[in-house]
Amino acid sequence: MASSDNIHEGGGHEGGHDVAAAAESRWAWIVGAIIAFLVAMMGYMSLHWASMPPVRTETIDPATLHLAGEFVEPNLGSTTEPDGSVTVRVVANQYSFTPACVLVPADTPIHIRATAADVVHGFSVSHSNVNMMLVPGYISNFETKFSQPGDHVMPCHEYCGTGHAAMWAHVKIIPKDEFMRQAQSQQQAGRRMSCVQQG
Ligand code: CUA
């Protein structure tokens, strides 16, 4: 080996031994430091995560969803909040989402609140990080932001019955100023926003 030849040429057998011992102890320190770092990171993460509040679980009675409360039909769709964000409420059932076309502004914090009326459905939006499960009895929350206007598809990605493959909705992202203009007139009329074709 080239390195041992060099050691022999440099300082004879004794010198080579010292160089090897020094390299070994140097590596022992480096490996020890890596292990110490990983252990410290594990300790920090477990303490830090354990100090977090538990995931907020919100329940809702799927049998009375449509009769009263947050998920009655006139309250589904998008609405602006005082802090400038937009809340979108969606209900999934076999085999559609309501609203079937979700309208949201670009470059705005979006809070999706959704639930299922019958069985477990999937909720995902193409070309985005939106991906969650809708479970009857629970409200699922997702916070996101769409940077560009555009059209996305929103398929159900959890097998929910014979009509699963046909269970789709659309998401339409429009420029923020246009959305806010529409929001003013819609909300004055007491309506939620969506891109479902009216009448
Ligand atoms: Cu709903 Cu698959």
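How many aromatic pairs does the structure hold? Just 1, and it gets its own close-up below. Keep in mind for every view that this is a predicted model.

**View 1. The aromatic pair of F97 and F123.** Here is the 1 aromatic pair of the structure. F97 and F123 meet edge-to-face, with 6.0 Å centre to centre and 90° between the planes. The two partners come from distant parts of the chain: F97 sits in strand β4 (residues 96-98) and F123 in strand β7 (residues 121-124), 26 residues apart. Both F97 and F123 are buried. Zoom in on F123 and you'll find a busy neighbourhood. Leaving out residues up to four places away in sequence, F123 touches V90, F97, I112, A114, V130, N131, M132, L134, M154, P155 and H157.

**View 2. The largest nonpolar core, and another one apart from it.** The largest nonpolar core has 33 residues, and the members that touch the most others are F97, I112, F123 and M154. Several elements chip in at least two residues each: β3, β5 (101-105), β6 (110-116), β8 (131-134), β11 (168-174) and α2. Apart from this core lies another, made of 5 residues, with L65, F71, L76 and I139 among them.

**View 3. Strand β6 and its two partners.** Strand β6 is mostly covered, with 7 of its 7 residues buried. I110, I112, A114 and A116 point one way, while H111, R113 and T115 point the other, and all of them are buried. That fits a simple rule of thumb: side chains in a regular strand alternate between the two faces of the sheet. Now for the partners. β3 and β6 run parallel and are joined by 7 bridges, with V88 having I112 as its bridge partner in β6. β6 and strand β9 (residues 138-144) run antiparallel, joined by 5 bridges. Over in β9, F142 stands opposite I112.

**View 4. R89 under cover in strand β3.** R89 belongs to strand β3 (residues 86-93). Is this arginine buried or exposed? R89 counts as buried because its relative accessible area is 13%, and the cut-off for buried is under 20%. Its side chain makes a polar contact of 2.5 Å with the side chain of E70. If you skip residues up to four places away in sequence, R89 touches E70, F71, N75, L76, G77, T79, T98, P99 and R113. Two of these names appear in earlier views: F71 and L76 are among the members of the 5-residue core.

**View 5. S78 tucked into strand β2.** S78 lies in strand β2 (residues 77-80). With a relative accessible area of 0%, S78 is buried. A polar atom of the S78 side chain lies 2.6 Å from the backbone oxygen of L103. Setting aside neighbours within four places in sequence, S78 is in contact with V86, T87, V88, V102, L103, V104, F179, Q187, R192 and M193.

**View 6. Helix α2 and the glycine that follows.** Helix α2 (residues 176-188) has 13 residues. From its first C-alpha to its last it reaches 18 Å, close to the 18 Å expected at 1.5 Å a residue. Just after α2 comes G190, which takes a positive phi of about 75°. α2 also ties back to View 2, as it supplies at least two residues of the largest nonpolar core.

Definitions and conventions
Residues are numbered from 1 along each chain as its sequence is written. This is a predicted model: local features need pLDDT of at least 70, side-chain atom pairs count only at pLDDT 80 or more; totals for chains, interfaces and linings use all residues. Side-chain values use heavy atoms; hydrogens and water are left out. Helices (H or I, at least four residues) and strands (E, at least two) are DSSP runs, numbered from the N terminus. Buried means under 20% relative accessible area, exposed over 50%, partly exposed in between (1.4 Å probe, protein chains only). A polar contact is a pair of N or O atoms within 3.5 Å; within protein, one must be able to donate a hydrogen and the other to accept it, and residues adjacent in sequence count only if both atoms are side-chain atoms. Contact means heavy atoms within 4.5 Å. Rings of Phe, Tyr and Trp (its six-membered ring) pair if their centres lie within 6.5 Å; planes under 30 degrees apart count as stacked, over 60 as edge-to-face and the rest as tilted. The expected span of a helix is 1.5 Å times one less than its number of residues. A nonpolar core is a set of buried Ala, Val, Leu, Ile, Met, Phe, Trp, Tyr and Cys residues joined through side-chain atoms within 4.5 Å. Two strands pair if DSSP finds at least two bridges between them.
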